[in-house]
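Reader: Before I accept the labels attached to a model, I would like to see how each one is reached. Could you take me through the reasoning?

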Amino acid sequence: MQDPIKTLFTECIQTQIAAADMLQEPLESAANLLVGSLLQGRKIYCCGESLAHATSRHFAHIMLTGLSFERPPFPVTSLHADYGAKEHTRMFAQQIQAVGQANDVLMVFNACERAPRISAAMEAALSREMLIIAITHNSDTDIAGLLGPEDVEIRIPTNSSARASEHLLQISNMLCTIIEHRIFPQETDS
């Protein structure tokens with residue numbers, strides 16, 4: 001019997017290898033959409049279902065403060081997760097209805113099978129004519145049907161919520177790095 005710790009590392013590595021093969025095109029599309037939106041003065045709002053909301057907050061933080069080098073902040077906001085709200089399944093949707101503008105971007109993170117809060121936010125974003133980037137995984141059953149032709153899905157090749165959670169963080173860091181280097185190419189030469 002294989003050591004359980006080694007098994008977990010092996011699962012993680014296998015997901016990494018599959019992601020490296022499968023996610024290049026969607027990562028490129030997401031980076032292009034985010035760079036274009038930022039250069040056009042649009043805002044990016046992000047949220048995550050359940051524990052994935054921590055990745056949303058992390059992404060907003062590194063986009064504001066910089067990851068690879070010191071730079072001006074990008075206009076990225078992680079939506080507030082008020083689980084005490086009367087309609088907590090609409091907590092993100094209400095915020096999008098209040099501040100979202102056409103061609104702004106909603107970026108959603110999900111490592112669960114079901115995603116009622118971010119599904120509602122996506123519906124609100126669609127009604128505001130916003131663009132959507134969804135970072136999901138193979139077991140996600142709610143999100144893909146809400147994406148339009150201009151939207152981007154980055155589907156992590158795993159059924160495991162734990163492996164998906166690990167990759168949400170990695171993908172958020174990768175996107176920030178790509179965006180920084182595209183908007184500030186002079187920083188890559190130093």
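**From values to labels**

Author: Let us start with a single bridge: in strand β3, V108 is the bridge partner of C47. The model is a predicted one, and the labels below are to be read with that in mind.

Reader: What makes β1 and β3 a pair of strands?

Author: Two strands pair if at least two bridges are found between them; five bridges join β1 to β3, and the two run parallel, so β1 and β3 count as paired. On β4, the parallel pairing with β3 (residues 105–109) likewise extends over five bridges, β4 being residues 131–137. V105 stands opposite L131 in β4, and L106 stands opposite I132 in β4. Between these two strands the chain passes through α5, and this β-α-β crossover is right-handed.

Reader: Why are β2 and β5 called edge strands?

Author: The order of the five strands is β2-β1-β3-β4-β5, in an open sheet with parallel pairing. β2 and β5 (152–156) each pair on one side only, and they are the edge strands. On average, neighbouring strands of this sheet are turned by 15° against each other, with direction ignored.

Reader: How do you know that β3 is largely enclosed by the rest of the structure?

Author: Buried means under 20% relative accessible area, and five of the five residues of β3 are buried, so the strand is largely enclosed. V105, M107 and F109 point one way from β3, whereas L106 and V108 point the other way, and all are buried. Among the helices, α5 (residues 116–127) lies across β1, β3 and β4, at about 165° to β3, while α2 (residues 24–39) lies across β1 (44–48), β3, β4 and β5, at about 140° to β5.

Reader: Turning to the aromatic rings, how many aromatic pairs does a search of the whole structure find, and why is the pair of F69 and F184 called edge-to-face?

Author: The search finds three aromatic pairs. In the pair of F69 and F184, the ring centres lie 6.2 Å apart and the planes meet at 85°; centres within 6.5 Å make a pair and planes over 60 degrees apart count as edge-to-face, so both conditions are met. F69 lies in the loop between α3 (53–65) and β2 (76–78) and F184 in the segment after α6 (161–183), so this pair ties together parts that are 115 residues apart in sequence.

Reader: Why are F69 and F184 counted as buried?

Author: The cut-off is under 20% relative accessible area; F69 has 15% and F184 has 17%, so each falls on the buried side.

Reader: What makes the pair of F74 and F184 stacked?

Author: The planes of F74 and F184 are 25° apart, with 6.3 Å from centre to centre; because planes under 30 degrees apart count as stacked and centres within 6.5 Å count as a pair, the label follows. This pair links distant parts of the chain, F74 being in the loop between α3 and β2 and F184 in the segment after α6, 110 residues apart. F74 counts as buried at 7% relative accessibility. Ring pairs thus link F69, F74 and F184 into a cluster.

Notes
Residues numbered from 1 in each chain as written. Predicted model: local features only at pLDDT ≥ 70, side-chain atom pairs only at ≥ 80, totals over all residues. Heavy atoms only, no water. Phe/Tyr/Trp six-rings, centres within 6.5 Å; stacked < 30°, edge-to-face > 60°. Helix = DSSP H or I, 4+ residues; strand = E, 2+ residues; numbered from the N terminus. Buried < 20%, exposed > 50% of the residue type's maximum accessible area, 1.4 Å probe, protein only. Axes fitted to C-alpha atoms, helices over the stretch in contact; angles between N-to-C directions. Contact = heavy atoms within 4.5 Å. Right-handed = clockwise from strand over helix to strand, strands pointing away.
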